[in-house]
Amino acid sequence: MASYGVFLAACGFEYHGPKGHIGFAPRVSPDNFKAPFTAAEGWGTLAQKVVDGQQSASIELRYGKLHLKQFALVSVPGTQASKPVVTLDGRDIDTQFQRDGARTIIRFPEGIDIAAGQTLQVQHVNH
């Protein structure tokens with residue numbers, strides 16, 4: 001069980017099911033990162049990459065479902081981001097966002113439900 005705590009710390013994983021919150025702050029290779037996660041009603045993977053100074057992240061749900069009201073990410077050093085573009089299986093999602101230092105909190109005003117086999121994609125667009 002102690003090793004699981006180290007894994008969570010390396011991923012910077014945070015989850016609060018009743019609040020619909022999930023967040024990641026990868027500490028190991030944040031510019032090319034992939035790790036599994038578990039939630040109350042499902043599990044999947046988070047992938048994060050930096051290409052040409054642009055950070056992108058995706059949640060791919062492999063089993064169950066995931067209800068979200070907000071998704072938090074920490075910017076990778078060396079990236080400059082403006083408003084994130086968010087899609088669910090290629091369909092634009094209405095979001096609000098706020099910055100808190102290097103952390104971006106993306107809010108889903110209506111909440112979103114991700115089902116097994118779906119992918120939530122976040123692309124930070126540079127100025």
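This is a short walk through the salt bridges of the structure above. The model is predicted, and a search of the whole structure finds 3 salt bridges. Let us visit them in turn.

Start with Glu14 and Arg103, whose side chains meet in a salt bridge with an N to O distance of 2.6 Å. Look at where these partners sit along the chain: Glu14 belongs to strand β1 (residues 14-16), while Arg103 lies in strand β9 (residues 103-115). They are 89 residues apart, and the pair links distant parts of the chain. Is each partner buried or exposed? Glu14 has a relative accessible area of 27%, so it counts as partly exposed. Arg103 is also partly exposed, at 25% relative accessibility. Neither value is under 20%, which is why neither residue is called buried.

Next, find Glu41 and Lys65, which form a salt bridge whose closest N and O atoms are 3.8 Å apart. That distance counts because the cut-off is within 4 Å. Glu41 sits in the loop between β3 (32-38) and β4 (42-51), whereas Lys65 is part of strand β5 (residues 54-74). With their positions 24 residues apart, this pair too links distant parts of the chain. Glu41 is partly exposed at a relative accessible area of 48%, and Lys65 is partly exposed at 46%.

Finally, turn to Arg62 and Glu60, whose side chains meet in a salt bridge at 3.6 Å, N to O. Arg62 has 47% relative accessibility and counts as partly exposed. Glu60 is partly exposed as well, with a relative accessible area of 28%.

Conventions
Residues are numbered from 1 along each chain as its sequence is written. This is a predicted model: local features need pLDDT of at least 70, side-chain atom pairs count only at pLDDT 80 or more; totals for chains, interfaces and linings use all residues. Side-chain values use heavy atoms; hydrogens and water are left out. Helices (H or I, at least four residues) and strands (E, at least two) are DSSP runs, numbered from the N terminus. Buried means under 20% relative accessible area, exposed over 50%, partly exposed in between (1.4 Å probe, protein chains only).
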